[in-house]
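Work through the following exercises with the model at hand. Try each task before reading its solution.

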Amino acid sequence: MVSATWFYVVVNVTAAVSIGLGVLFPAIGQARAAAAAAKATSRQPDESDVVSRTLYIGLAMIESQALYVLIVALILLFANPLEGRVSEAASQGGDAMWFLIFACVGAAVAINLGTMLASIGQGKVVESAVESIAEQPEARDDVSRSLYISLALLESLALYALIVSLILLYANPLLETALGAG
């Protein structure tokens, strides 16, 4: 029989590991974009305003990936809706507690995996955009338009992961079955 203490231990560790990993890939994406912007500005100083604007928009979009992970980690720690079901799961014994634990871990895994590659992708897109602006300044409007659409599409992938994470925590369709099966 798994005690309620395990729920709290695993949730704490999951939140800590989640935020640790969740900021890693956005940081890599941001670093790549910023490095490319610095090189682009040195190659085309006259385009520094456009390069900077492009960089800042890209950095903000990449930062949102870490914010999604932070939201899930904070929910796990401070507003975990599954915590209210811990005593019920503990009294049932069996696999009910494991279900609650793995729903929390699953929410963290979903948001981390969903934001990791989106962060790297957004960083790569921003990197390519600022390099392109430095290479052909007259194409900056077309490059910027393509960049903004690409950033939005990549952002939607991370939002899908956030939605699934929130469903696992707040509207898990298997929760009643799992707790009833005890």
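A nonpolar core is a set of buried Ala, Val, Leu, Ile, Met, Phe, Trp, Tyr and Cys residues joined through side-chain atoms within 4.5 Å. Buried means under 20% relative accessible area. The model used here is predicted.

**Exercise 1. The cores**

Task: Find which residues of the largest nonpolar core touch the most other members, and which elements contribute to this core.

Solution:
- Step 1. The largest nonpolar core has 31 residues, and Phe 7, Leu 76, Leu 82 and Met 97 touch the most other members.
- Step 2. Two or more residues of this core come from each of α1 (4-22), α3 (48-78), α4 (86-92), α5, α6 (140-170) and α7 (175-181). Helix α5 gives the largest share, 10 residues.
- Step 3. Take Phe 7 and set aside its neighbours within four places in sequence: Phe 7 is in contact with Asn 80, Leu 82, Glu 83, Val 86, Met 97, Leu 100, Ile 101 and Cys 104.
- Step 4. There is also a second, separate core of 16 residues, with Val 51, Ile 133, Ala 139 and Leu 147 among them.

**Exercise 2. Two partners of α2**

Task: Decide how α2 is oriented relative to α5 and relative to α3.

Solution:
- Step 1. Two packed helices are described by the angle between their axes and the distance between the axes.
- Step 2. For α2 (residues 24-43) and α5 (residues 96-135), the angle is about 5° and the axes are 7 Å apart. Angles under 35 degrees count as roughly parallel, so α2 is roughly parallel to α5.
- Step 3. The contact of α2 with α5 has 12 nonpolar, 3 polar and 6 charged residues.
- Step 4. For α2 and α3, the angle is about 175° and the axes are 9 Å apart. Angles over 145 degrees count as roughly antiparallel, so α2 and α3 are roughly antiparallel to each other.
- Step 5. The contact of α2 with α3 divides into 10 nonpolar, 5 polar and 1 charged.
- Step 6. Residues of α2 that meet α5 include Pro 26, Gly 29, Ala 33, Ala 37 and Ala 40. Pro 26, Gly 29, Ala 33, Ala 37 and Ala 40 are also among the α2 residues that meet α3.

**Exercise 3. Gln 122**

Task: Is Gln 122 buried or exposed, and what does Gln 122 touch?

Solution:
- Step 1. Gln 122 lies in helix α5.
- Step 2. The relative accessible area of Gln 122 is 0%, so Gln 122 is buried.
- Step 3. Not counting residues up to four places away in sequence, Gln 122 touches Met 61, Ile 62, Gln 65, Leu 151, Leu 154 and Glu 155.
- Step 4. With Glu 155, the side chain of Gln 122 forms a polar contact of 3.0 Å between the side chains.

Terms used
Residues are numbered from 1 along each chain as its sequence is written. This is a predicted model: local features need pLDDT of at least 70, side-chain atom pairs count only at pLDDT 80 or more; totals for chains, interfaces and linings use all residues. Side-chain values use heavy atoms; hydrogens and water are left out. Axes are lines fitted to C-alpha atoms, for helices over the stretch in contact, and angles run from 0 to 180 degrees between N-to-C directions. Helices (H or I, at least four residues) and strands (E, at least two) are DSSP runs, numbered from the N terminus. Angles under 35 degrees count as roughly parallel, over 145 as roughly antiparallel, 65 to 115 as roughly perpendicular and the rest as oblique. Contact means heavy atoms within 4.5 Å. Ala, Val, Leu, Ile, Met, Phe, Trp, Tyr, Cys and Pro count as nonpolar, Asp, Glu, Lys and Arg as charged, and the others, Gly among them, as polar. Buried means under 20% relative accessible area, exposed over 50%, partly exposed in between (1.4 Å probe, protein chains only). A polar contact is a pair of N or O atoms within 3.5 Å; within protein, one must be able to donate a hydrogen and the other to accept it, and residues adjacent in sequence count only if both atoms are side-chain atoms.
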